[in-house]
Structures are given as C-alpha cells and as structure tokens.
Amino acid sequence: MALPGRVCGDGAAHWIPDLGSDAGSLRSRAAARIGLRVAVGVPLSTGQHTLGALCVYGDRVEDPEDILLGLLSGLAAQIGQYVERRRAEELAIELARTKDEFLAMVTHELRNPLDAITGSAQLLVADLDTLTADERRQYLQIIGRNAERLSVMADDLLDLARLESGNLSIDPAGTDLCAVIGQAVDAARTSTGKDLTITVDLPEHIEVHADASRLRQVADNLLSNAIKYTPAGGTVTVAARVDNGRHEIIWTVADTGIGIPAAERPRLFRRFYRASTALEQRIPGTGLGLVIARTIVERHGGTIVLAEHDGPGTTFAIELPIKPSQGA
Ligand code: ADP
C-alpha cells in the first residue's frame, strides 16, 4: 500500500526509511527511481476524522526522526483546522442559500395559489346570487386546482424530508418498468390539456427489482416536467431499453421545450432550484421534484443525469441496475 493509504488507514504517522526496499508500493518505487530515499507521512485530521495525509519525500534526512515528525504533525494540524473551517464556512453559505431559495419558493408557490383561492372565494360569496351556474363552476374549479397545487407541494416537502432522513422505506419487488412507464404516460395523456405529441419507445417488458410506486413517482415527475416546460406543438419522447452488456436499464425522457441553460445545469438537482428559463416564463414549480426523483433513483442504486441533447429541449437519462447491489 502507498504511504498516504497507510497513514489514512490507521490515522497514524508512518516513516519509510528506505524507499528502494519498499517494493510493495508503486509510489515508493517511482520516488526511488528519481533519487529520493526516505518518506514520512502524517495524518491531516480535524481531531475526530482523518481528512487525508501530508507526505514528504526527500533524498536525505538531517533531523532526527521525531523532531521532523513533530514539525510535520504541527503543520498537518494547522492544515486540518483550516480545511475544517473552510468546510464550516461553505456549509453556512449553502444553508443560507437554501434558506433564501426556500423562502423565494414558498413566497411564490404559496402566495399565488392562496391568492387565487381567496380571490375566487370572495367573489363567489359577494356575487353568489348574480353569478351564472357556469361562472360559479369556473370559480370552484380555480379553487380546486389551486388547492391541489398546494397539496402536491406539501406532499413533495414531506417526501423530501422523509427520503433525506432515510425514513421513507423503499420496498423493492419484481416490477415491470414498462408497465410503470406506460401507466404514467396514459395518465399524462388524459390529464394534459396541451397540444403535444407524446411518443413512447418501449419493449414488451423490462423486469427490474424495484419499488413500483416510487418508480411511478419518478416517471410522473419527469413526464409532467417535460409537458409543463414544452410549449404547445412540441414533442415528448419516453424510451427505455436494457443494455445487457452493462447490466443496466437506460430510461430517457426527452422534450423539445424551453431547455435549461448549460451554465445552470450543475445546480439543477439542488433543492428549490429553478432554472432561469422557467422563471422568465413564469411557469409555476417548486424545485423539489427532481431532488425527490434523484433520491429515489439513487436509493435503487441508479443515477439520473441531464443528457446531451441535440436541438432545443431537455433530455433526462436514468440508469438503473437490473439487480441493484445489496444495501443500495
Ligand atoms: P419544478 O418543476 O416543480 O420547479 P423540479 O425539481 O421538477 O421542480 O425541476 C426543477 C427545475 O428544473 C424546474 O423549475 C425547471 O427550471 C427545470 N426543469 C426540470 N425539467 C425541465 C424540462 N423538462 N425542461 C426545462 N426545464 C426543466
């Protein structure tokens, strides 16, 4: 094992007095080849955890071993404290940003439906006797639609909290992924009032060991996003296939919609994040669906990424192991 591995392995200092005779390590042999003779490594630690190793290679040693070790350990302790401080600062910044994005989302996503509900209810009460039956129905539909939006948001927030704390169980069983996707597509086709072409490219059956209801949640989220962020006249394509060579299932959801600017892609799977394209067009959303989808896919041992895409629009690609590894 190389010197950094030995130091990190037991969190203690290690000393190699003769690199030439340390034949087990590629790194020691390479160092010996260029004339180095000794090496010493000390742990970089925060007091509780070993973060890495500080290793120094030299062609001769003039100081007695323990003085050099003492000096290096002091230096390593300083670096460890610095790294720890930086990490705490980054965490604080991340927390503040999440808080800001959460507040922005709640202000928008709570306010708008609540305004619509109270506004419609007030109009109904004030003009109940003069409104036609059709007008009353329209106001009630507005109330229903917006209450539904709030309830989806509450469910998403609860799901996210449970998934992130590990309290939401995933119950895998033999599942046909094509059936799950097919049902999600049927539901989307009947509920979307938009003029879109939804095409499906699926084999007869794809057997996967997974939680069907959680995969349905992923399918619903990707499909509803593709529909929501694609203007009328566009196309949404859902495909899945088995890549036997890699023992994986490749599942893609592509659309020809408003797309996501390349510079924003790294932030996409962050809680409450909404792309500028969606905000500019005032398309409602919470920035929660993709985080939930990613957590579910990862709990199945898979990955979800934004795939390269020719032309306008967005493609999400999911890779799922045919048989997830134990403990995934
Ligand atoms: P929501 O759609 O409720 O905002 P998501 O977590 O599902 O939340 O998506 C996060 C953001 O990613 C969206 O707000 C949108 O900006 C962007 N996004 C997701 N899917 C698409 C898509 N198919 N096309 C364009 N933008 C998308």
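**A salt bridge between two domains**

Let's start with one contact: the side chains of D159 and R214 form a salt bridge, with N and O 3.6 Å apart. Keep in mind that this is a predicted model. On which side of the border does each residue sit? The domain assignment puts domain 2 at 107-165 and domain 3 at 173-321, and the rule finds one salt bridge across the interface of these two domains. The count of residue pairs in polar contact between domain 2 and domain 3 is also given, and it comes to one, with both residues at pLDDT 80 or more.

Now look at what domain 2 brings to this meeting. Helix α4, residues 133-165, supplies the largest share of the side that touches domain 3, namely eight residues. Sorted by class, that side of domain 2 has five charged residues, four nonpolar ones and no polar ones.

Zoom out to the interface as a whole. The centres of domain 2 and domain 3, taken over C-alpha atoms, are 27 Å apart. Nine residues of domain 2 and 13 residues of domain 3 take part in the contact. How much area is buried between domain 2 and domain 3? The figure is about 990 Å², and carbon and sulfur atoms give 66% of that.

Helix α4 deserves a second look, this time for a contact within the helix. R137 and D134 both belong to α4 and are three residues apart, about one turn of the helix. Their side chains meet in a salt bridge, at 3.0 Å from N to O. In total, the structure holds seven salt bridges.

Next, hop over to helix α2, which covers residues 26-33. At its start, a side-chain oxygen of S25 comes to within 3.3 Å of the backbone nitrogen of R27. After α2 comes G35, with a positive phi near 95°. This stretch falls in the range of domain 1, which the assignment gives as 3-64.

Finally, step back to the whole chain. The protein has eight helices and ten strands. Why call it more spread out than a compact globule? The radius of gyration is 28 Å, while the globule rule gives 20 Å for 328 residues, so the protein is well over that value and more spread out than a compact globule. Along the principal axes, the C-alpha atoms fill a box of roughly 100 × 50 × 40 Å.

Notes: Residues numbered from 1 in each chain as written. Predicted model: local features only at pLDDT ≥ 70, side-chain atom pairs only at ≥ 80, totals over all residues. Heavy atoms only, no water. Domains from an automatic or database assignment. Contact = heavy atoms within 4.5 Å. Buried area = accessible area lost by both parts, 1.4 Å probe. Salt bridge = Lys/Arg side-chain N within 4 Å of Asp/Glu carboxyl O. Polar contact = N/O pair within 3.5 Å; in protein donor to acceptor, adjacent residues only side chain to side chain. Helix = DSSP H or I, 4+ residues; strand = E, 2+ residues; numbered from the N terminus. Nonpolar A, V, L, I, M, F, W, Y, C, P; charged D, E, K, R; others polar. Rg over C-alpha atoms; globule rule 2.2 N^0.38 Å.
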